[in-house]
Amino acid sequence: MGQKIKLYGHVLHLRDLGKVRFVILRTFDGVAQVVLKKNSVSEEIWKRFEELGYEYFVEVVGEKVESKIAKLGWEVHAEDLKIVAKSKTVPIDLADKTTTEFPTRLRYRYLDIRREPVRSILKVRASVVQAAREFLVERGFVELHFPIICGTASEGGAELFPVKYFDRQAYLVQSAQLYKQSAIPVFGKVFTVGPSFRAEKSRTKKHLTEFWQIDVEAALISKEELMKLQFELVKHIYARVAERNEKELSALGVKLEVPESYDVLSYEEALEVIRKKGLPIEWGEDFGADEERALCESFDKPFFVTEFPEKVVAFYYMVDDDDPRYAHRVDMYGWGSYGVEWSSGGLREHRPDRLRKRMKEKGLNPENFAWYLDMLEYGFPPHAGFGMGVERLLYSMLKLERVHEAVLYPRTPDVLEP
């Protein structure tokens, strides 16, 4: 005799073989098979099968028995079946028998997330964030939560979403940068996992206007230590996903490679790699999509590019004292054809007089950053940090077609609903 259980789920498939009927349910834990045998259930329950439709939400009571053909290794021999909620005709194919175009999937994203591939991606995303928190907390980092509405542009530039804040002008934060720096004198090592907003009208497979970052900052840390920290974080995330998400990786057809080492190259060395791919990039230019692709396809492991021209970095990066043409920025990239920039970070300028000079050089008004500059006047320690994109990490890890698939409800210049 099997165990008697109660099961809930959405109807995914229906099969009628005469004296045996099958109801395949998508439950909160996976796909379950329910069996109705004509001689084992009442006539009322037997006929209720004929009332069922796809995506009906049902309750089943029955005996859980082992099965070699069921995906979960067991099935339920039904004794009772109730319709809890009916469904109208579903406008997209949730069983993946046909292909639905991505714009249509986004229009019905609340249904699209019921599909097994999307569900699997979101489960892996949850593991990525959980693993990042585990790693950082174990190493003494304190998780804090910072404002997402601010009165100043943290990155400068025009890529801002304005917000009416009572009778004042405010903005959605471009990053947690200034706020996480403010906590350094208190905790020494801090992080947050939260959204950032960029009003870029980029319509590429690697850009979102709202994206999530693992934002990390630490006092008294060198560039080498910062790179090692990022690599160990990524390695830990990959290892935890491989350990905890075997079912989801299998559903996505992904065999995860946990990286064991990383490469480091200078900005100049990166230029040479890009030029060898036939792209005519000049010194002083930041990397665009083509340059980034050329770089990533040249490596078979994660890698860092260090020491960028100071004119392409934000004002809060420290400029090299020996050669002021360069700033101490360090970017981390994934490898291969699905490689993208995973994170950007480096040494921060903690000396207020130099920051004021940098702001003016960037065309920013130091008065707009009064509180930020003032906080640095109170014995501020040297520090460094980075922001790692959750969606971009998932894009590489799961070999996705676009980063939009790595978030529950993606936001782009064209998509604001649902």
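Colleague: What covers the buried residues of helix H10?

Modeller: This is a predicted model, in which local features need pLDDT of at least 70, side-chain atom pairs count only at pLDDT 80 or more, and totals for chains, interfaces and linings use all residues. Residues are numbered from 1 along each chain as its sequence is written, and side-chain values use heavy atoms, leaving out hydrogens and water. Helix H10 spans residues 289-296, and its buried residues (under 20% relative accessible area, 1.4 Å probe, protein chains only; over 50% is exposed, in between partly exposed) are Glu291, Glu292, Ala294, Leu295 and Cys296. Their cover, counted by contact (heavy atoms within 4.5 Å), includes S12, H9, S13, S14, strand S15 (341-347) and helix H13 (390-397).

Colleague: How many helices and strands does the chain have?

Modeller: Both kinds of element are DSSP runs numbered from the N terminus, helices being H or I of at least four residues and strands E of at least two. The secondary structure of the chain comes to 13 helices and 16 strands.

Colleague: Which strands stand at the edges of the eight-stranded sheet?

Modeller: The sheet is open, with mixed pairing (a pair needs at least two DSSP bridges), and its order is S6-S10-S11-S16-S15-S14-S13-S12. A strand with a single partner has one side left without a neighbour in the sheet, so the edges are S6 (142-143) and S12 (263-266).

Colleague: In S11, what is the bridge partner of valine 190?

Modeller: Valine 190 belongs to S10 and also stands opposite valine 142. S6 and S10 run parallel and are joined by two bridges, whereas S10 and S11 pair in the antiparallel sense over nine bridges. On the S11 side, valine 190 has as its partner glutamate 217.

Colleague: Which residue of S16 stands opposite glutamate 217?

Modeller: Strand S11 covers residues 210-219 and strand S16 covers residues 383-389. The two pair in the antiparallel sense over seven bridges. Opposite glutamate 217, in S16, stands glycine 385.

Colleague: What angle does the direction of helix H4 make with that of S10?

Modeller: Helix H4 (residues 116-138) packs on the sheet and touches S6, S10 and S11. Axes are lines fitted to C-alpha atoms, for helices over the stretch in contact, and angles run from 0 to 180 degrees between N-to-C directions. For H4 and S10 the value is about 155°.

Colleague: And which strand makes an angle of about 95° with helix H9?

Modeller: Helix H9 (residues 267-276) also packs on the sheet, where it touches S12, strand S13 (303-309) and strand S14 (326-333). The angle of about 95° is between the direction of H9 and that of S12.

Colleague: How many of the nine residues of S10 are buried?

Modeller: S10 is largely enclosed by the rest of the structure. That follows from its count of buried residues, which is eight.

Colleague: What percentage of the residues of the chain count as buried?

Modeller: The C-alpha atoms fill a box of roughly 85 × 55 × 40 Å, taken along the principal axes. Of the 418 residues in the chain, the buried share is 52%.

Colleague: What share of the contacts with a separation of 6 or more joins residues 24 or more positions apart?

Modeller: The base here is the set of contacts in the chain with a separation of 6 or more. Within that set, residues 24 or more positions apart account for 65%.
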